[in-house]
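Student: I'd like to learn how to read a protein model feature by feature. Could you walk me through one?

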Amino acid sequence: MDYIVDDILTKLSDKVDYSEVYLDTEKVTEISVLNDEVNYAKEEDVTGIGVRVLNNQQQGFSYTTNINRIDEVIEQAIKNSKLNNPDENLAIIEKPEGYKDVSGLYDKRIEEVTLREAIKTCTDLIEMVKENDCQPTSAEYEVSVGKTIIANSNGVFASEKQTGSGVSVSVNAEDGEGFSSAYAYDLSHSKELEMERVVQESTDLAKNSRNGQPTETRTTNVVLDYFAISSLLSTFLSALSSENTQRGRSYFQDKLNEMVTSEYFSLYDDGTIPGARASSKFDDEGTPSQKTELIKDGELKNFIYDTYHANKDERDVVTTANASRAGYSSVPSVGFTNIHVEFNELTGVSDLTDGITVHSVMGAHTANPITGDFSVEARNSFEIKNGEITKPIRKAMISGNIFEIMKNATAATEDVRQVGALITPKVLAKNLRVIG
């Protein structure tokens, strides 16, 4: 595919000031099981090309999945540029000094997975759930092989191949006249997945959640499991985006170099972590990936930037290698890579006399993105009494403010896990309102 990229740049060289090509190829094998029967099994092989041009500081973009339409895409990108207003902050990046490979992002064995093998993996997962005395309601297994090329008229040519695999399962456990449910998953760049953990975690949680009892409405400690803290922190993280600060939509708007969380808390964006989900040797503009310190010992140190928002900022800043795209069909915007949180203080369940644990939440998307206020439904929750996790909770809501929570939060476990982009321990949130 390299020759296609070179051909596009050559054709654009005397037509626009700057040009960029984003080429993405991906082969995906996906299996879905519904109520312990195969719902669908598919293999998909897609190549997509996005062309971005700058001419007189006007940006144009077009894309296709048909390599025979390249000339049309080029002309459409040029036409689109003429429809947009000039913007002095737009830029195509200069060629960097070089790229460093990130290990653990490619596993050749995934290329050899057949559709038959994928179906067997998914059906084996279902059987494991049944052996644990639960009813599987759905399961999915997916493997993918992809290659990305980013090249531009300033001499950038970045290429990387990655593989991915994932498994998920939803289960029910009979609960009197009804049932209790749970969900678990694992994602990796490797073929190896923690299948046993996924099954054990989901089935244990479903069975332990049976016969839930009402909980008392009160202000108390809440231990947020990996899934719960990942959902609630989305509002907190959005305040660290330069796009939101420049739009006046960030809680951290004027708080740079101020204490914004507990002194025991630090947060980094890091696209260079070996084997991590969002790692790569370059971002979606072709800037070499890096580690960026955002909060250190409670102090706000930086925001995340792509080239456009770095140029637009009132401060003298550069991109933090946080250009992100949905794929070949979009232009770069600001987005996180791996978000690594660290706590220098640990408060385990054994240290608590009262509280609840919450595995996951529903409704985090309704949180106020400016103030950080939220009210969500707690799922798969349990009482904490005198340092022990006791009876399951039938139904509860929790409410609070994520920015206030992080001023007093501590780690609740030493073990960390990556959920989505977030690498985190379980977190103890103090003084949350629990509504029974």
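**Turns, strands, cores and hollows**

Tutor: Let's start with a turn: Asn386 sits in the loop between β15 and β16. Keep in mind that this is a predicted model.

Student: What is the phi of Asn386?

Tutor: For Asn386, phi is near 50°, a positive value in a residue other than glycine. Now look at the neighbours: β15 and β16 make a hairpin, with two residues between them, and Asn386 is in the turn.

Student: Is Asn386 buried or exposed?

Tutor: The idea is to compare the relative accessible area with a cut-off, and exposed means over 50%. Asn386 has 65% relative accessibility, so it counts as exposed.

Student: Which loop holds Gln57, and what is its phi?

Tutor: Gln57 lies in the loop between β2 (37–55) and β3 (58–64). Its phi is near 60°, again a positive value in a residue other than glycine. Gln57 has a relative accessible area of 29%, so it is classed as partly exposed.

Student: Back to the hairpin, then. How many bridges join β15 to β16?

Tutor: Strand β15 (residues 373–385) and strand β16 (residues 388–393) run antiparallel and are joined by four bridges. To follow a pairing by eye, pick one residue and find its partner: for Phe382, that is Pro392 in β16.

Student: Which other strands pair with β15?

Tutor: One is strand β14 (residues 354–362), which pairs with β15 in the antiparallel sense over eight bridges. There, Thr357 stands opposite Phe382. So Phe382 is a handy landmark, with Pro392 as its partner in β16 and Thr357 opposite it in β14. Another is strand β17 (residues 396–401), antiparallel to β15 and joined to it by six bridges. In that pairing, Phe374 has Gly400 as its bridge partner.

Student: What should I expect of side chains along a strand?

Tutor: In a regular strand, side chains alternate between the two faces of the sheet.

Student: Let's move to the interior. How many residues does the largest nonpolar core have?

Tutor: When you read a core, look for the residues with the most contacts inside it. Here the largest nonpolar core has 48 residues, and Phe236, Leu267 and Ile398 have the most contacts within it. Helix α6 (residues 226–238) gives the most to this core, namely six residues.

Student: What does Leu267 touch?

Tutor: Leaving out residues up to four places away in sequence, Leu267 touches Phe236, Leu237, Leu240, Thr292, Glu293, Leu294, Ile295, Ile339, His340 and Val341. Apart from that core lies another, of 27 residues, including Val143, Ala184, Val199 and Ala206.

Student: Where is Ser202, and is it buried or exposed?

Tutor: Ser202 belongs to helix α5 (residues 195–208). Buried means under 20% relative accessible area. Ser202 has 0%, so it is buried. Not counting residues up to four places away in sequence, Ser202 touches Val169, Val171, Ala182, Tyr183 and Ala184.

Student: How far apart are Ser202 and Ser168?

Tutor: Check both sequence and space: Ser202 and Ser168 are 34 residues apart in sequence and 9.6 Å apart C-alpha to C-alpha.

Student: Now for the empty space. How much of it lies in the largest pocket?

Tutor: The largest pocket holds about 1100 Å³ of space. It is lined by 45 residues, and the closest to its centre are Gln162, His189, Arg277, Ala278 and Ser279.

Student: Which element supplies the largest share of that lining?

Tutor: That's β5, with nine residues. Strands giving at least two residues each include β1 (18–34), β4 (135–152) and β6 (178–188). For the chemistry, sort the lining by type: 12 residues are nonpolar, 21 polar and 12 charged.

Student: What is the volume of the largest cavity, and which residues line it?

Tutor: The largest cavity has a volume of about 40 Å³. Its lining is Tyr185, Asp186, Leu187, Arg197, Phe227, Arg277, Arg417, Gln418 and Val419. Two or more of these residues come from each of β6 and β18 (410–419). By type, the cavity lining divides into four nonpolar, one polar and four charged residues. Take a look at Arg277 too: it lines this cavity and is among the residues closest to the centre of the largest pocket.

Note on methods:
Residues numbered from 1 in each chain as written. Predicted model: local features only at pLDDT ≥ 70, side-chain atom pairs only at ≥ 80, totals over all residues. Heavy atoms only, no water. 1 Å grid on protein atoms, 1.4 Å probe; cavity = no way out; pocket = protein on both sides within 12 Å on 5 of 7 lines; lining within 4 Å. Points joined across faces, edges and corners; volume = space filled by probe spheres on them. Nonpolar A, V, L, I, M, F, W, Y, C, P; charged D, E, K, R; others polar. Pairing = 2+ DSSP bridges. Buried < 20%, exposed > 50% of the residue type's maximum accessible area, 1.4 Å probe, protein only. Contact = heavy atoms within 4.5 Å. Core = buried A, V, L, I, M, F, W, Y, C linked by side-chain atoms within 4.5 Å.
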